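Me: I'm new to reading protein structures, and I'd like a close look at one part of this one. Could you take me through the nonpolar core and then show me what lies around it?

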Amino acid sequence: MAHIIDLTTHSDKRGNLTVIEKQIPFSIKRIFYIYGVDDSVRGGHRHHHTIQAAICVHGSCIVSNNNGKGEKTDFVLDHPNKCLILEPEDWHTMHHFTPDAVLLVMASTPFDPADYIYEPYDIADRL
């Protein structure tokens, strides 16, 4: 089930330093970022195997999630110390990006088109 973790941040008069160390629950095999998004909806998939960690390092966006068990949740990513963990069963979309948004995503597997499931859950999947 998708959930937010708070990343360790050290702050002083010079600014903030957010650390990603021993908090991501998988070994990182791929990193990518999404930016310059218009009013489009991104994502629209889940995975067979891949776990992801998403951080909006600048600006904000919303990640809508459905875990296939009737639980639909919207997560607002609006601070660089908020990290959303998406499990393989989490069918998700990203939307409402601010013009300055940069969404950083770390994945547990290298890119593999066969790992993607694009069909959203329907009611039959919950029975």
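Reply: Happy to! Keep in mind that this is a predicted model. Let's begin with the largest nonpolar core, which has 16 residues. Within this core, Leu77, Leu84, Phe97 and Leu103 have the most contacts. Which strands supply at least two residues each? They are β6, β7 (61-66), β8 (72-77), β9 (82-86) and β11.

Now zoom in on leucine 84. If you set aside its neighbours within four places in sequence, leucine 84 is in contact with Ala2, His3 and Ile4, with Gln52, Ala53 and Ala54, and also with Val63, Phe75 and Leu77. Leu77 may look familiar, as it was named above among the core residues with the most contacts.

There is also a second core, separate from this one, with 10 residues. Ile24, Phe26, Cys83 and Ile85 are among them. A handy rule to remember here is that side chains in a regular strand alternate between the two faces of the sheet.

Next, look for the largest pocket. Its volume is about 180 Å³, and 15 residues line it. Those nearest its centre are Phe32, Ile34, His45, Gln52 and Met94. You have already met Gln52 as a contact of leucine 84. Two or more lining residues come from each of β4 (30-35), β5 (42-47), β6 (52-58), β10 (91-95) and β11 (102-107). Sorted by class, the lining has nine nonpolar residues, four polar ones and two charged ones.

From there, move to the hairpin formed by β2 and β3, with two residues between the strands. Strand β2 covers residues 8-12 and strand β3 covers residues 15-19; they pair in the antiparallel sense over five bridges. To see one of these pairings, find threonine 9, whose bridge partner in β3 is threonine 18.

Finally, here are two loop residues to look at. Lysine 22 sits in the loop between β3 and β4, and its phi is positive, about 65 degrees, although lysine 22 is not a glycine. Is lysine 22 buried or exposed? Its relative accessible area is 83%, so lysine 22 is exposed. Histidine 96, in the loop between β10 and β11, also has a positive phi, near 55 degrees, and is a residue other than glycine. The relative accessibility of histidine 96 is 61%, so this residue counts as exposed too.

Key:
Residues are numbered from 1 along each chain as its sequence is written. This is a predicted model: local features need pLDDT of at least 70, side-chain atom pairs count only at pLDDT 80 or more; totals for chains, interfaces and linings use all residues. Side-chain values use heavy atoms; hydrogens and water are left out. Two strands pair if DSSP finds at least two bridges between them. Helices (H or I, at least four residues) and strands (E, at least two) are DSSP runs, numbered from the N terminus. On a 1 Å grid over the protein atoms alone, a cavity is a set of points where a 1.4 Å probe fits but cannot get out, and a pocket is an open set with protein on both sides within 12 Å along at least five of seven lines; lining residues have an atom within 4 Å of a point. Grid points are joined across faces, edges and corners, and a volume is the space filled by probe spheres set on the points. Ala, Val, Leu, Ile, Met, Phe, Trp, Tyr, Cys and Pro count as nonpolar, Asp, Glu, Lys and Arg as charged, and the others, Gly among them, as polar. A nonpolar core is a set of buried Ala, Val, Leu, Ile, Met, Phe, Trp, Tyr and Cys residues joined through side-chain atoms within 4.5 Å. Buried means under 20% relative accessible area, exposed over 50%, partly exposed in between (1.4 Å probe, protein chains only). Contact means heavy atoms within 4.5 Å.
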